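Okay everyone, thanks for coming. Let me put the structure up so we can walk through it together.

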Amino acid sequence: KWKQVAIDTSQLDPSEMEQFGGIEELSDYEILRPGFKKSDQKGKKLKKKKGKKLKSSEEIPLQSKKAKKSKLDMSAWNGLKIPISVLSAMEELRFTQPTEIQSQSIPAILNNKDVFGAAETGSGKTLAFGLPIIKNIISIKESKKERGIEDKQLYSLILTPTRELAIQIKKHLQAVCKYTDLLISSVVGGMAAEKQKRILKKCPDIIVATPGRLWEMLQEGEGHINKIPNVRYLVIDEADRMAEKGHFAELTQILEVINGNKENKKLHKYVFSATLSMEIPDLKIKKKKHKLKSMIKLIGLKDPVVIDLTNKKAVAGTLIESQLVCKNEEKDAYLYYFLTMYPGRTLVFSNSIDCVRRLRSVLEYLNCDPLPLHASMHQRQRLKNLEKFEKSNTGILLATDVAARGLDIKEIQHVIHYQVPRTAETYVHRSGRTARAKNEGLSLMMIEPQEAVFYKRICKTLNKDHALATFPIEDRIFKRVKERVALARTVEKLEHRLKRLMAQNRWFENAAKEMDVDIDEENLLNDLGSHSKEFHKLKSLKKQLKAALQQNIKGYLRNLSGNQTAAEVLKRKQK
């Protein structure tokens, strides 16, 4: 309610009274927070507005007496000029203080400097470039709004090497932009192109993209994508991976389009990675480093601020590294031993898709419920498996190196290199999926004799003075585990063979049916009757495996190790 306030106008100049209507005082009011439910005079409740935006980047909303006061101390962000709307979302996400890469990158970007940044995995590089870009865009949009200028500009382009990383970055930025009106979209392969075009018609402020699909749409002349030459903020994430075959060609073409607009004086560029300063002696890698150097030159950074926070070891200080020398035929047993004895969110890396498929089959027979992730899978299934893995505290993800770059899956406890990576760079990125954000994590490398040369090369490149610690194995337990795995592999091979015979017969029957030819069972490609003994054997083996899996091996180990985690067991062994 408002009431008139009496004032003495005799002291005011007549010119000051033009268009003056008077002064009123607000005498009865209530201040509500966004989303507060309030009943009207008839007793009907107003609907809560979902995702209500805070007014501006500078305006701090008042809180009512009924509103809960902040429980988190966000003062560590003071001085970094983070908009209050973004800070509110960050408080909900419990991002109470900036990481080192964020503390150094944000001021540099806000001071209109190009940035060349390198930091270990899990150090917060996404928000290191994301927060200052968001702050700048909000300020520009508000200025345009005040002047009544229509705003459909593409402000920022973020390029990443993989689809999963692009979608992850988009989600991270959307989370901190919850209370703003910024629109963030992704442009990646494996997703419906028409759907992405519909999203682009909404004119997103930020696009996170993979080079291949972006270049494809640029060639097609998609409207909003055509604004790329005028983009203000360009980010190249995981720059070393961008230098690899499959990314480099499209990336250079995109950069040529952006740099070709000489009138865009407001363009700023930021390059981030985890291994930019690594020295790798391998000849093939030297070729890649030459490509990286060429790409940086092509990007055209202008007097960049160089931020190198990588250490000599290149891996996180909280990562506990270990190795296990074993025969190739024993790897399945050692893997199952670890997964059974030390349950936790575990990421298992292989060098090939065929290996992932075989491991999945064997582990399914052992009731481990593994989730595959590789490049031959449809994008929707890849994202679905990542989501399942993230929700399970004991999830097992079998992956090729498609998952090694940049993905930030919370609380991965173990990374197992089922096959030794061929380069130190790959080892760093694989291992970087655990021990993130100063949390402890364990990396285990399984080394067969033929892989020793790659293991030694990794140690040399990463300046390791001593061999990695050997992960301890309880022999009595491993003997039982080995029997289970051998039985599971026998079942898997036999069932695979019989299924293949049946599949051949089905194909032959379908082909005959299409030609209107009647065939008898005796004329099929494979006489399954002659394999009846094998079918009975398979049934018997499955019964044996089921009985073996019901035995509580894990309980026996608990008595031996005191129910310790894998990291605790390794540290105890090292003492």
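So, strand 14, residues 414-417, runs parallel to strand 15, and 4 bridges join the two. One pair to look for there: His417 stands opposite Met445 of strand 15. Keep in mind that this is a predicted model.

Now swing over to strand 10, residues 319-325. That one is parallel to strand 15 too, with 7 bridges joining them. If you want a pair to click on, Leu324 has Met446 as its bridge partner in strand 15.

Is strand 15 itself enclosed or open? It covers residues 441-447, and 7 of the 7 are buried, so the strand is largely enclosed by the rest of the structure. You may remember that side chains in a regular strand alternate between the two faces of the sheet. Here both faces are covered: on one side you've got Gly441, Ser443, Met445 and Ile447, on the other Leu442, Leu444 and Met446, all buried.

Let's zoom out. What's the strand order? The open sheet has 7 strands, in the order 12-13-11-14-15-10-16, and the pairing is parallel. Strand 12 (371-373) and strand 16 (469-470) are at the edges with a single partner strand each, so one side of each has no neighbour in the sheet. Further along, 4 bridges link strand 11, residues 346-349, with strand 13, residues 396-399, again parallel. In that pair, Thr346 sits opposite Ile396 of strand 13.

Last stop, the surface. Lys195, Arg198, Lys201 and Arg380 gather there in a patch of positive charge. Lys195 belongs to helix 5, residues 193-200. That's it from me!

Technical notes:
Residues numbered from 1 in each chain as written. Predicted model: local features only at pLDDT ≥ 70, side-chain atom pairs only at ≥ 80, totals over all residues. Heavy atoms only, no water. Patch = residues over 30% accessible without salt bridge, like charges linked within 9 Å, V, L, I, M, F, W, Y side chains within 5 Å. Areas by Shrake-Rupley, 256 points an atom, 1.4 Å probe, with all protein chains shown as cover. Salt bridge = Lys/Arg side-chain N within 4 Å of Asp/Glu carboxyl O. Lys, Arg positive; Asp, Glu negative; His and termini not counted. Charge placed at Lys NZ, Arg CZ, Asp CG, Glu CD. Buried < 20%, exposed > 50% of the residue type's maximum accessible area, 1.4 Å probe, protein only. Pairing = 2+ DSSP bridges.
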